[in-house]
Amino acid sequence: MSATAVHSLWTTAATAADPIGKIDAPKIEYGQLSPTLIIIGAAIIGILIEAFVPRRSRYYVQMFLSVVALVAAFAAVVALAAGGYGTTKAGIAAMGAIAVDGPALFLQGTILLAALVGLFTFAERRLDPQAHGNRVDSFAAQAAAVPGSESEQKAVKAGFTTTEVIPLLLFAVAGMLIFPAANDLLTLFVALEVFSLPLYLLCALARRKRLMSQEAAVKYFLLGAFASAFTLFGIALLYGYAGSMSYGTIASVVDGTVQNVTPALADTMGNDALLLVGSALIVMGLLFKVGAVPFHMWTPDVYQGAPTPVTGFMAAATKVAAFGALLRILYVVLPGLRWDWRPVMWAVAIVTMLAGAIVAITQTDIKRLLAYSSIAHAGFILAGVIATTPEGISSVLFYLAAYSFVTIGAFAVVTLVRDAGGEATHLSKWAGLGRRSPLVAAVFAVFLLAFAGIPLTSGFSGKFAVFKAAAEGGAAPLVVIGVISSAIAAFFYIRVIVLMFFSEPRPEGPTVAVPSPLTMTAIGVGVAVTVVLGVAPQYFLDLAGQAGVFVR
């Protein structure tokens with residue numbers, strides 16, 4: 001039999017078996033997805049730059065590309081919000097995979113601005129003394145070289161820099177943009193992996209203390225892999241329960257409003273074990289990403305070991321993306337389970353606030369102290385999540401925006417205080433910093449006061465909004481515990497300020513490096529946001545309020 005005859009038989013059989021005929025092409029709303037597409041496009045071009053652009057020019061080309069991409073993506077977010085996609089035109093794009101609504105656009109804008117400020121700290125090349133006549137940044141000269149080996153020494157001598165960190169940052173940002181906007185569980189998981197994998201790599205690339213940096217990356221990778229596995233298993237169970245990956249469909253099955261119930265779906269709908277265990281596993285994976293107790297064990301080690309610019313970016317942007325996804329899961333997918341998840345979240349929030357604040361008192365390393373501080377802040381933000389009111393959503397959005405810039409600014413200041421071994425992160429080295437470098441100490445004090453939630457800083461406005469929403473949502477006891485935790489936390493922030501301004505500087509103490517305009521910009525933006533959101537927060541609270549409605 002000839003090949004054509006076989007082919008015609010096969011196509012006839014296929015047509016007979018498949019009465020539908022052709023497969024419909026996917027319908028993608030490119031305009032609504034433009035912020036993410038711009039970043040992914042720039043990241044891919046960034047990889048091509050690594051392959052084709054001469055080594056000495058890569059840094060400048062990568063920086064120009066990524067700044068343009070982040071600014072263009074932010075402009076696209078603003079254009080979508082101005083076009084009503086955050087309010088009246090909010091809807092589901094990409095065949096049900098991604099939501100374009102107020103919370104998604106607000107969080108995407110926050111992530112893009114945080115990434116832009118974080119990028120400036122990545123690009124800083126004036127803090128370390130020049131190596132063999134070449135300016136160096138915070139990242140390993142050659143990531144693949146064994147620490148201390150001959151090949152590493154040759155790479156340093158040749159003046160190599162790891163410019164791949166910039167496309168890695170863009171890939172992480174792309175995943176973070178999709179994560180809080182995902183509208184089905186599979187998209188959520190893909191976005192989780194897209195932003196986690198670049199971060200695992202970035203954590204391992206410190207120029208100084210490379211072994212500690214690699215240890216941090218391995219811990220983060222292993223624990224992150226466990227969390228991803230739990231999330232994936234939870235997704236499988238929820239799919240088994242509802243027969244769908246779509247948030248809207250799962251929500252309608254949970255609250256019993258689903259149309260056309262098949263016998264198979266009727267069987268699984270009756271099985272609440274699938275629903276409860278699946279939801280718990282997914283929420284657990286998200287709580288790992290926000291650093292809530294008891295899923296916080298990675299945070300102090302990774303924050304301490306990773307290059308400080310990466311720590312600042314990760315502490316800010318990951319929290320924003322993960323809390324956005326957590327809000328969407330709890331408010332869009334599981335509102336019918338509110339009575340089940342609220343008591344659990346109460347417990348998690350209380351333990352997180354208290355553990356973060358109390359353990360931070362014992363820390364002697366500034367980066368570990370900020371890590372436990374970020375754990376306590378995760379607890380404060382969870383108080384807003386528990387409110388289950390529109391004010392709860394908007395207060396969380398506002399807190400995330402305020403917190404992210406303070407965090408990047410604080411870690412940018414940490415990069416400036418240096419001794420012969422690189423950054424001087426031990427608290428004893430910071431004694432008397434206020435006399436040696438009053439401006440740097442004063443700026444760091446502003447950030448610490450914002451973390452503590454002192455009035456006239458963004459931290460106070462954020463905490464007030466979150467606690468007010470929680471109290472109105474019937475969680476007044478939680479607010480009392482939150483205020484007590486804030487008081488405990490204020491103790492160790494004030495202790496650092498006292499250490500800087502009221503201790504004698506040591507003669508062999510660290511020096512404060514003079515940064516380039518890049519790091520100055522990052523710190524300046526942090527201070528500006530801290531003061532503006534503290535003194536005049538109302539406009540931004542209103543903005544978060546308008547953006548606080550999820551599309552269902």
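This short talk covers how helix H4 packs against two other helices, and then the pocket and cavities of the structure. Please keep in mind that the model is predicted.

Let me begin with H4, residues 102-122, and H16, residues 390-414, whose axes lie 10 Å apart and make an angle of about 5°. Since angles under 35 degrees count as roughly parallel, that makes H4 roughly parallel to H16. On the H4 side the contact includes Phe106, Leu113, Ala114, Val117 and Gly118, and on the H16 side the residues include Leu397, Phe398, Ala401, Phe405 and Ile408. Sorted by class, this contact of H4 with H16 has 13 nonpolar residues and four polar ones, with no charged residues.

The second partner is H13, residues 308-333, whose axis comes within 9 Å of that of H4, the two crossing at roughly 170°. That makes H4 roughly antiparallel to H13. Here H4 contributes, among others, Ala104, Ile111, Ala115 and Phe122, and these residues belong to a contact whose H13 members include Phe313, Val320, Gly324 and Arg328. By class, the contact of H4 with H13 has twelve nonpolar, three polar and one charged residues.

Now to the open space. The largest pocket has a volume of about 620 Å³, and of the 24 residues that line this pocket, Phe74, Leu105, Phe106, Phe540 and Leu543 are the closest to its centre. Which helix gives the largest share of that lining? It is H4, with six residues, while H3, H4, H16, H21 and H22 each supply at least two. The lining of the largest pocket divides into 18 nonpolar and six polar residues, with no charged ones.

Turning to enclosed space, a search of the whole structure finds seven cavities of 30 Å³ or more. The largest cavity has a volume of about 80 Å³, and of its 13 lining residues the closest to the centre are Gln32, Ile98, Ala99, Val100 and Gln108. Strand E2, H4 and H6 each supply at least two residues of this lining, which divides into nine nonpolar, three polar and one charged.

The second largest cavity, at about 70 Å³, is lined by residues including His377, Tyr399, Tyr403, Phe451 and Ser458. H16, H18 and H19 are the elements that give two or more residues to the lining of this second cavity, and H16 provides the largest share, four residues. By class, the lining of the second largest cavity has six nonpolar, four polar and no charged residues.

Note on methods
Residues numbered from 1 in each chain as written. Predicted model: local features only at pLDDT ≥ 70, side-chain atom pairs only at ≥ 80, totals over all residues. Heavy atoms only, no water. Axes fitted to C-alpha atoms, helices over the stretch in contact; angles between N-to-C directions. Parallel < 35°, antiparallel > 145°, perpendicular 65-115°, else oblique. Contact = heavy atoms within 4.5 Å. Nonpolar A, V, L, I, M, F, W, Y, C, P; charged D, E, K, R; others polar. 1 Å grid on protein atoms, 1.4 Å probe; cavity = no way out; pocket = protein on both sides within 12 Å on 5 of 7 lines; lining within 4 Å. Points joined across faces, edges and corners; volume = space filled by probe spheres on them.
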